[in-house]
Amino acid sequence: MERNYSLYPLKFQPIYKYRIWGGEKLKTQLNKKYDAQNIGESWEISDVKNDETKVINGTLRGYTLIELIEKFKVNFLGKTVYKKFGNQFPLLIKFIDAKTPLSIQVHPSDKIAKERHNSFGKNEMWYVMQADENAELIVGFDKKIPTEDYNNHLANNTILEIMHHEKVSEGDTFYIPTGRVHAIGAGVLLAEIQQTSNITYRIYDYDRVDVKTGEKRELHNDLAIDVIDFQIKDSYKTKYTKECERREEQNRTKRSKDEYWDNFDLEAFIYDEEGLQPKNYDSFIQILRGDFLQEQQEENSGDFHEQYRFQEYKCFSKNKSYEDTEENSLYQL
Ligand SMILES: [Zn+2]
């Protein structure tokens, strides 16, 4: 007899990635459990080919995102997202621990990524979860520079001098559209929401050698040069208000099924591995939401990331309705 599956808060097995710049904070701050060294990224929700995260709890254990979409279609993705992306899961969600800086990099737009790599482009968004004293992010340029000057700085390894450096602390949020040159600095732990894409053009890598390969990592300046946005902005930081109280209230109030899915189009549930409280967070689960909001879409049509907000749900802390159970009425269809 066919089982009557219902959707419930899904836990996914993260995929841990060695990175030349990775540290230990995924363990020490987020309670992740793995043995390897220099793990810089934990891919929490991923539909990237060959790196698909799988469900690890309940009757849907073992399912990948694409299998969930095929099975539940609009009920899994919500109307807006399903209409726009069909059987593709549009987001990739990671935690990133930079013990040393990441390369200075840039990502291509959807259009260029499609032409060159048959892939999505990669808008991304950062939410700083913890930062050491004086830790910083690099985002955009500080002043307008001619291409020739830019090339000179590249050739002389002085590109850092013309980049905008920003000291950060927990809660700071940055939206990084494609074309904006950026890098995560040493001592920053952040959550990253981005498009499902693996296309990065590395511009500068501090001349460092990867201990695993004994070689410097490849740079992609030929590809990068015509995707870089040289425009200057007064501020590169994104205004962000924690909306958890309001959202929690909304969740408690009774909603019809349609209302539920209109407003909860795309959800990513991120737990630590035992469903326990990640250190430094007062929630027993950490939920990050990519939320395609109607009003945002109208304001900023065409811009992928402006269409959703990055939300943090610390206030669900002791809410029993989030326990890992299929009988969780809040999540039944
Ligand atoms: Zn990036």
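**Close-up views of a predicted model**

**View 1. Lys94 and its partner across the strands.** In this predicted model, Lys94 has Glu192 of strand S12 as its bridge partner. Look a little wider and you will find S5 and S12 running antiparallel, joined by eight bridges.

**View 2. Strand S12 and its other neighbour, S7.** Strand S7 (residues 124-131) also pairs with S12, again in the antiparallel sense, through seven bridges. Within this pairing, Met125 sits opposite Ile193 of S12. How many residues of S12 (residues 188-195) are buried? Eight of the eight are, so the strand is largely enclosed by the rest of the structure.

**View 3. The largest nonpolar core.** This core holds 49 residues, and the members touching the most others are Met125, Leu137, Phe174, Ile184, Val188, Leu190 and Ile203. Strand S5 (residues 91-98) supplies the largest share, six residues. In soluble globular proteins, nonpolar side chains tend to be buried together.

**View 4. Around Leu137.** Which residues does Leu137 contact once its neighbours within four places in sequence are set aside? They are Glu166, Val168, Phe174, Ile184, Gly185 and Val188.

**View 5. Where the prediction is more and less confident.** The protein has a mean pLDDT of 72, with 67% of its residues at 70 or more. Among its elements, strand S9 (residues 163-167) has the highest mean, 97, and strand S16 (residues 267-270) the lowest, 30. Residues 252-333 have pLDDT below 50, and the model gives this stretch 140 contacts beyond near neighbours in sequence. Over residues 241-246 pLDDT stays under 50 too, with seven contacts beyond four places in sequence.

Technical notes: Residues are numbered from 1 along each chain as its sequence is written. This is a predicted model: local features need pLDDT of at least 70, side-chain atom pairs count only at pLDDT 80 or more; totals for chains, interfaces and linings use all residues. A nonpolar core is a set of buried Ala, Val, Leu, Ile, Met, Phe, Trp, Tyr and Cys residues joined through C-beta atoms within 7 Å. A residue is buried if 20 or more other C-beta atoms lie within 10 Å of its own, exposed if 12 or fewer, and partly exposed in between; C-beta atoms are placed from the backbone. Helices (H or I, at least four residues) and strands (E, at least two) are DSSP runs, numbered from the N terminus. Two residues are in contact if their C-beta atoms, placed from the backbone, lie within 7 Å. Two strands pair if DSSP finds at least two bridges between them. pLDDT is the predictor's confidence in each residue, from 0 to 100.
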